[in-house]
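Please open the model in a viewer and keep the sequence panel visible. The tour proceeds by selection, one stop at a time.

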Amino acid sequence: DEIDNFMSQSENENNWEKTLQKLDEQHGKYKFMEFNLEARKRKLKQQIPDLERSLQMIEILREQKEDKDTQFLLSNQIFCKTTIPPTKTVCLWLGANVMLEYPLDEAEGLLKANMESAVANLKVVEHDKDFLRDQVTTTEVNMA
């Protein structure tokens with residue numbers, strides 16, 4: 001009877017260690033996912049103001065009737081003076097070092113679609129982070 005009792009304690013100990021190991025692995029995965037979601041959130045929060053500024057610039061270009069003197073950012077804190085003639089097109093960076101020229105109306109449509117997508121994605125990321133935070137807390141409580 002003592003041997004059976006010892007064997008069952010040994011099995012419970014192994015199950016407890018396996019369970020803790022699985023919880024630790026799960027906790028690590030959740031933390032990794034949380035890190036990735038936070039990086040995505042930062043990127044989206046940076047992208048939205050950039051899109052807003054681009055939309056404002058299209059509006060300025062659309063209303064422009066004569067040459068306009070301005071400065072543009074050449075690199076970190078280095079600006080260059082230039083004169084912008086009236087235009088009906090604008091070049092947009094699409095990513096992966098690709099830039100395309102668009103008519104103002106098409107560029108505005110593309111930027112608005114990108115803005116809507118970025119705002120929707122930010123809401124999804126926020127929701128996912130909340131869910132993940134709950135899962136991390138539950139896992140930590142289970143581990144304790």
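Begin by selecting arginine 62, which is partly exposed at 27% relative accessibility (buried means under 20%, exposed over 50%, partly exposed in between; 1.4 Å probe, protein chains only). Arginine 62 lies in helix H1 and glutamate 108 in helix H2, so this pair ties together parts that are 46 residues apart in sequence. Their side chains meet in a salt bridge of 3.0 Å, N to O; the term denotes a side-chain nitrogen of Lys or Arg within 4 Å of a carboxyl oxygen of Asp or Glu. Glutamate 108 is buried, at 16%.

The model is a predicted one: local features need pLDDT of at least 70, side-chain atom pairs count only at pLDDT 80 or more, and totals for chains, interfaces and linings use all residues. Residues are numbered from 1 along each chain as its sequence is written, and side-chain values use heavy atoms, with hydrogens and water left out.

Next, add glutamate 59, whose salt bridge with arginine 62 has its closest N and O atoms 3.2 Å apart. Extend the selection to Asp105 and Lys112 to display the network of salt bridges that links them with Glu59, Arg62 and Glu108.

Now select glutamate 126 and lysine 41, whose side chains form a salt bridge (3.1 Å, N to O). Glutamate 126 belongs to helix H2 (residues 104-143) and lysine 41 to helix H1, so the pair ties together parts that are 85 residues apart in sequence. Lysine 41 counts as buried at 15% relative accessibility, whereas glutamate 126 is partly exposed at 27%.

Note on methods:
Helices (H or I, at least four residues) and strands (E, at least two) are DSSP runs, numbered from the N terminus.
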